[in-house]
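Q: Please give me a close look at one part of this structure: the aromatic rings and what lies around them. I should like to understand how each ring is placed and what it meets.

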Amino acid sequence: MHTVADDIPLEGLPDERLLELGTAEGRIFVTRNGRDFAPICRRWAEANRPHAGVIVIWTLSHRQYGEIVAGVERWLDRIPDPDAWRGIVVGL
C-alpha cells in the first residue's frame with residue numbers, strides 16, 4: 001500500500017504538520033510528545049478541526065515498549081471504530 005507518508009520525509013517536520021498528515025490518512029496518532037501535542041489538539045478542538053485521534057504516552061518510557069503496545073491495544077479495543085476516534089485525545 002502506498003501512502004502520502006511514503007513520499008514525505010517526516011523527520012524534522014513541524015508537529016502540527018505530522019498531525020495533519022496522520023489526519024489526512026485517517027491514522028490515529030501515537031506520541032510521547034504530549035507537551036507539544038496537547039496544545040495543538042486543544043487548538044484544533046477550539047477551531048472545530050477534528051483529527052483522526054491521538055494517544056499520548058505520558059508516563060511510560062521508551063524502554064517500556066511492551067506496556068506501550070498493550071496500552072495502545074487496550075484503547076483500540078475500547079474504541080474499535082476508527083470514525084469514533086475523530087477528535088479524541090487519550091493518554092497512557
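A: The answer below begins with the aromatic pairs and then follows the residues around them.

The model is a predicted one, and a search of the whole structure finds two aromatic pairs in it. In one of them, F29 and F37 have their ring centres 4.8 Å apart, with 35° between the planes, and the pair is described as tilted. F29 counts as buried because its relative accessibility is 16%, and the limit for a buried residue is under 20%. F37 is also buried, because its value is 2%. The other pair joins W75 and W85: here the centres lie 6.5 Å apart, the planes make an angle of 70°, and the arrangement is edge-to-face. W75 is in helix α4, whereas W85 is in the loop between α4 and β3 (89–91), so this pair ties together parts that are ten residues apart in sequence. Both W75 and W85 are buried. Two values have been given for each pair because a pair of aromatic rings is described by the distance of the centres and the angle of the planes.

The surroundings of W85 may be considered next. Which residues does W85 contact, leaving aside its neighbours within four places in sequence? They are I28, H51, A52, G53, V54, I55, W75, L76, I79 and V90. W75 and W85 also belong to the largest nonpolar core, which has ten residues in all. The other members are I55, I57, L60, I68, V72, I79, V90 and L92. Helix α4, which runs over residues 65–78, supplies the largest share of this core, namely three residues. There is a second, separate core of nine residues, and F29 is among its members, together with I40, C41 and W44. One residue of each aromatic pair can thus be followed into a core: W75 into the largest one, and F29 into the second.

T31 offers a further view of the region around F37. T31 is placed in strand β1, which covers residues 29–31. Because its relative accessibility is 8%, T31 counts as buried. Not counting residues up to four places away in sequence, T31 touches F37, V54, I55, V56 and I57. Of these, I55 and I57 are members of the largest core. The side chain of T31 also has a polar atom that lies 2.9 Å from the backbone nitrogen of N33.

Two of the tryptophan rings have a charged residue over them. The charged end of R78 sits over the ring of W75, at 4.6 Å from its centre. R49 lies over the face of W44, 3.8 Å from the ring centre. W75 thus has two partners described here: the ring of W85 in the edge-to-face pair and the charged end of R78.

R49 leads from the ring of W44 to the salt bridges, of which the structure has six. R49 forms one of them with E20, and the closest N and O atoms are 3.0 Å apart. This bridge links distant parts of the chain: E20 is in helix α2, R49 is in the loop between α3 (34–46) and β2 (54–56), and 29 residues separate the two. With a relative accessible area of 34%, R49 is partly exposed. E20 is likewise partly exposed, at 25%.

E20 makes another salt bridge with R17, where the closest N and O atoms are 3.4 Å apart. Both residues belong to helix α2 and are three residues apart, about one turn of the helix. An α-helix has 3.6 residues a turn, so residues three or four places apart point the same way. R17 is partly exposed, with a relative accessible area of 35%. Helix α2 has buried residues as well: L18, L19, L21, G22 and T23. After α2 comes G26, whose phi is positive, near 70°.

E20, R17 and R49 do not stand alone, for a network of salt bridges links them with E16 and R43. The path traced here therefore passes from the ring of W44, over which R49 lies, to a network that includes R49 and E20.

Terms used: Residues numbered from 1 in each chain as written. Predicted model: local features only at pLDDT ≥ 70, side-chain atom pairs only at ≥ 80, totals over all residues. Heavy atoms only, no water. Core = buried A, V, L, I, M, F, W, Y, C linked by side-chain atoms within 4.5 Å. Buried < 20%, exposed > 50% of the residue type's maximum accessible area, 1.4 Å probe, protein only. Helix = DSSP H or I, 4+ residues; strand = E, 2+ residues; numbered from the N terminus. Contact = heavy atoms within 4.5 Å. Polar contact = N/O pair within 3.5 Å; in protein donor to acceptor, adjacent residues only side chain to side chain. Phe/Tyr/Trp six-rings, centres within 6.5 Å; stacked < 30°, edge-to-face > 60°. Lys NZ or Arg CZ within 6 Å of the ring centre and 35° of its normal. Salt bridge = Lys/Arg side-chain N within 4 Å of Asp/Glu carboxyl O.
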